[in-house]
Structure formats: C-alpha cells, structure tokens
Amino acid sequence: MNNRRRMTGVVTSNKMTKTVVVEISRKFRHPLYRKVVHSSKHVKAHDEIGCQIGDKVQIVESRPLSRDKRWVVESIVKKEIRTADTGVADLKVETVQETEPTTEANNDSA
C-alpha cells in the first residue's frame, strides 16, 4: 500500500460536477486546559463514485486536480439511507392536513 494520507469524513455538499465537499471533524483534549475541543474543516474531493449528502467517505490525498481539489474519494464507508425528501416542513404540513378534516367533521355534525 502507498503512504498517502487517508481521512474519513461526511459529505456535506454534492452540487458540483464530480466534486463533493467533505467535512472532516476531530475531537481532542487541549494540552494546557484539558478541555475537549471540537474542530472541523471542509475539503473538496474529486468524486467518481457518486456520493450523496450524509455519506461517510474515505478520502485520499492526490496531486492537485484544480485550484481547490487535492483529495479523491476512495470509498464509501457508510451509505446514508434516505427515504423521500421529507423534511420537517413537510411533516408539519401533513399534520395540519390531518387535523383539518376532523374540524370539518365537527362543523358538519353541528
């Protein structure tokens, strides 16, 4: 195996063509104050596999592919299972629709 750096992160954006933004986060203890510090950085990686937002991927360093890209997606460690694009707003709309027929039924019976 070669001695290239490999890191694991989560895909936060895939809106560009063959490019994904990967967030690499790490947690460490501060050397002086002994407090747990969270740090993260975003890197752009070349994507031939077709990653989706939320996937946990392993990236490997490469030669400069563009001005910002120095990483390539090597593999998908964990695939994010996404059902239909139902967000919180859609759930609120559905609950409103469920409560409306019951109020109409009460108005009809009165």
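## A charged pair at the surface

R67 counts as exposed, since its relative accessibility is 73% and the cut-off for exposed is over 50%. The model described here is predicted. The side chain of R67 meets that of D68 in a salt bridge, with 3.7 Å from N to O. D68 has a relative accessibility of 38%, so D68 counts as partly exposed. These two residues also belong to a network of salt bridges, which links K44, R67 and D68.

## The chain as a whole

The chain contains five strands and one helix. Following the sequence from start to end gives the pattern β-β-β-β-β-α, so the helix comes after the strands. The chain has 110 residues, and 18% of them count as buried. Its accessible surface is about 8600 Å², and carbon and sulfur atoms account for 52% of that area.

Contacts across the sequence can also be counted. Among contacts with a separation of 6 or more, 48% are between residues 24 or more positions apart.

## Strand 1 and its partners

Which strands does strand 1 pair with? One partner is strand 4, which runs antiparallel to strand 1 and is joined to it by five bridges. In this pairing, M7 has I59 of strand 4 as its bridge partner. Another partner is strand 2, also antiparallel, with four bridges to strand 1. Here M16 stands opposite T19 in strand 2.

Strand 1 and strand 2 form a hairpin, and two residues lie between them. K18 is in the turn of this hairpin.

## Two residues with positive phi

Most residues other than glycine have a negative phi. K18 is not a glycine, yet its phi is positive, at about 55 degrees. Its place is in the loop between strand 1 and strand 2. With 46% relative accessibility, K18 counts as partly exposed.

R34 is another residue that is not a glycine but has a positive phi, here about 60 degrees. R34 is placed in the loop between strand 2 and strand 3. Its relative accessibility is 51%, so R34 counts as exposed.

## The nonpolar core

In soluble globular proteins, nonpolar side chains tend to be buried together. In this model the largest nonpolar core has 11 residues: V11, V20, V22, I24, V43, A45, C51, V57, I59, W71 and V73. Two or more of these residues come from each of strand 2 (19-29), strand 3 (36-46), strand 4 (56-61) and strand 5 (71-78). Which strand gives the most to the core? Strand 2 does, with three residues.

I24 is one of the core residues. Apart from neighbours within four places in sequence, I24 is in contact with M7, T8, S39, S40, K41, V43 and I59. Of these contacts, V43 and I59 are also members of the core.

## A buried aspartate

D55 lies in the loop between strand 3 and strand 4. Is D55 buried or exposed? Its relative accessibility is 0%, so D55 counts as buried; the cut-off for buried is under 20%.

A polar atom of the D55 side chain lies 2.8 Å from the backbone nitrogen of E80. Leaving out residues up to four places away in sequence, D55 touches G9, V10, V11, I76, K78, K79 and E80. One of these, V11, is part of the largest nonpolar core.

## Salt bridges between distant parts

How many salt bridges are found in the whole structure? The search finds six. One of them joins R5 and E61, whose closest N and O atoms are 3.3 Å apart. R5 is in the segment before strand 1 (6-16) and E61 is in strand 4, so this pair ties together parts 56 residues apart in sequence. R5 has a relative accessible area of 45% and is partly exposed. E61 is also partly exposed, with 26%.

A salt bridge also forms between E48 and K18, with 3.8 Å between the closest N and O atoms. This pair links distant parts of the chain, 30 residues apart: E48 is in the loop between strand 3 and strand 4, and K18 is in the loop between strand 1 and strand 2. E48 counts as exposed at 53% relative accessibility, whereas K18 counts as partly exposed at 46%. K18 is thus a residue with two noted features: a positive phi and a salt bridge with E48.

Conventions
Residues numbered from 1 in each chain as written. Predicted model: local features only at pLDDT ≥ 70, side-chain atom pairs only at ≥ 80, totals over all residues. Heavy atoms only, no water. Core = buried A, V, L, I, M, F, W, Y, C linked by side-chain atoms within 4.5 Å. Buried < 20%, exposed > 50% of the residue type's maximum accessible area, 1.4 Å probe, protein only. Contact = heavy atoms within 4.5 Å. Polar contact = N/O pair within 3.5 Å; in protein donor to acceptor, adjacent residues only side chain to side chain. Salt bridge = Lys/Arg side-chain N within 4 Å of Asp/Glu carboxyl O. Pairing = 2+ DSSP bridges. Areas by Shrake-Rupley, 256 points an atom, 1.4 Å probe, with all protein chains shown as cover.
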